[in-house]
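Student: I would like to take a close look at a single part of this protein. Could you please guide me through one helix and its surroundings in a connected account?

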Amino acid sequence: WLDSRGVRPSKPSGDKIIEQHLIYLKDPLKLAEFIRKTLRAGDFETAQTVVRAASKDVQCVVSWNHLVDWQVTQGKLNAAIKTYNEVCVIGDSQGNW
């Protein structure tokens with residue numbers, strides 16, 4: 001119906017979707033479960049974006065580990081090392097190391 005009139009409903013932007021996820025993911029355990037489910041669905045980009053955004057407010061060590069583990073199991077060793085290095089930089093800047 002909408003297509004026939006040339007009007008399509010707007011899709012939420014990627015930032016809006018991430019913000020919606022973060023509202024519910026203030027708990028590190030729930031965040032880790034969400035990341036694991038997202039990775040099982042094969043959506044690494046969303047999982048990585050959510051973990052990066054959540055790292056500002058939540059301890060995300062397990063979630064980062066899920067990201068690195070997924071990359072290793074996919075055979076993306078160089079990407080896994082880059083992700084690990086990113087975790088080290090974030091942990092160092094937050095004084096967690």
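Tutor: The account below begins with the whole chain and then turns to helix H3 and its surroundings.

The model is a predicted one. Its protein chain holds five helices and zero strands, and along the sequence the pattern reads α-α-α-α-α. The chain has 97 residues, of which 28% count as buried. Among contacts with a separation of 6 or more, 49% are made by residues 24 or more positions apart. The accessible surface amounts to about 7000 Å², and carbon and sulfur atoms contribute 54% of that area.

Helix H3 spans residues 44-54. Its buried residues are Phe44, Ala47, Gln48, Val50, Val51 and Ala54. These residues lie on the same side of H3, because they cover an arc of only 165° around the axis.

The helix also takes part in the largest nonpolar core, which has 17 residues. Leu31, Ile35, Leu39, Val50, Cys60 and Leu67 are the residues with the most contacts inside this core. Two or more residues are given to the core by each of helix H1 (14-24), helix H2 (28-40), H3 and helix H4 (61-73). H3 provides the largest share, five residues. As background, nonpolar side chains in soluble globular proteins tend to be buried together. Cys60 offers a detailed view of this region: leaving aside neighbours within four places in sequence, Cys60 is in contact with Leu31, Val51, Ala54 and Ser55.

Gln48 deserves separate attention. This residue of H3 has a relative accessibility of 14%, and it therefore counts as buried, the limit being under 20%. Apart from residues up to four places away in sequence, Gln48 touches Leu67, Thr83 and Glu86.

The last of these partners, Glu86, is found in helix H5, which covers residues 77-93. Glu86 counts as partly exposed because its relative accessibility is 21%. With residues up to four places away in sequence again set aside, Glu86 touches Gln48, Arg52 and Trp64. The side chains of Glu86 and Arg52 are joined by a polar contact of 2.7 Å. Trp64, for its part, is 22 residues from Glu86 in sequence, and the two C-alpha atoms are 9.5 Å apart in space.

To draw the parts together, H3 gives five residues to the largest nonpolar core, while Gln48, which is also among the buried residues of H3, touches Glu86 of helix H5.

Terms used: Residues are numbered from 1 along each chain as its sequence is written. This is a predicted model: local features need pLDDT of at least 70, side-chain atom pairs count only at pLDDT 80 or more; totals for chains, interfaces and linings use all residues. Side-chain values use heavy atoms; hydrogens and water are left out. Helices (H or I, at least four residues) and strands (E, at least two) are DSSP runs, numbered from the N terminus. Buried means under 20% relative accessible area, exposed over 50%, partly exposed in between (1.4 Å probe, protein chains only). Contact means heavy atoms within 4.5 Å. Accessible areas come from the Shrake-Rupley method with a 1.4 Å probe; for residues, only the protein chains shown count as cover. The arc is that of the directions from the helix axis to the C-beta atoms. A polar contact is a pair of N or O atoms within 3.5 Å; within protein, one must be able to donate a hydrogen and the other to accept it, and residues adjacent in sequence count only if both atoms are side-chain atoms. A nonpolar core is a set of buried Ala, Val, Leu, Ile, Met, Phe, Trp, Tyr and Cys residues joined through side-chain atoms within 4.5 Å.
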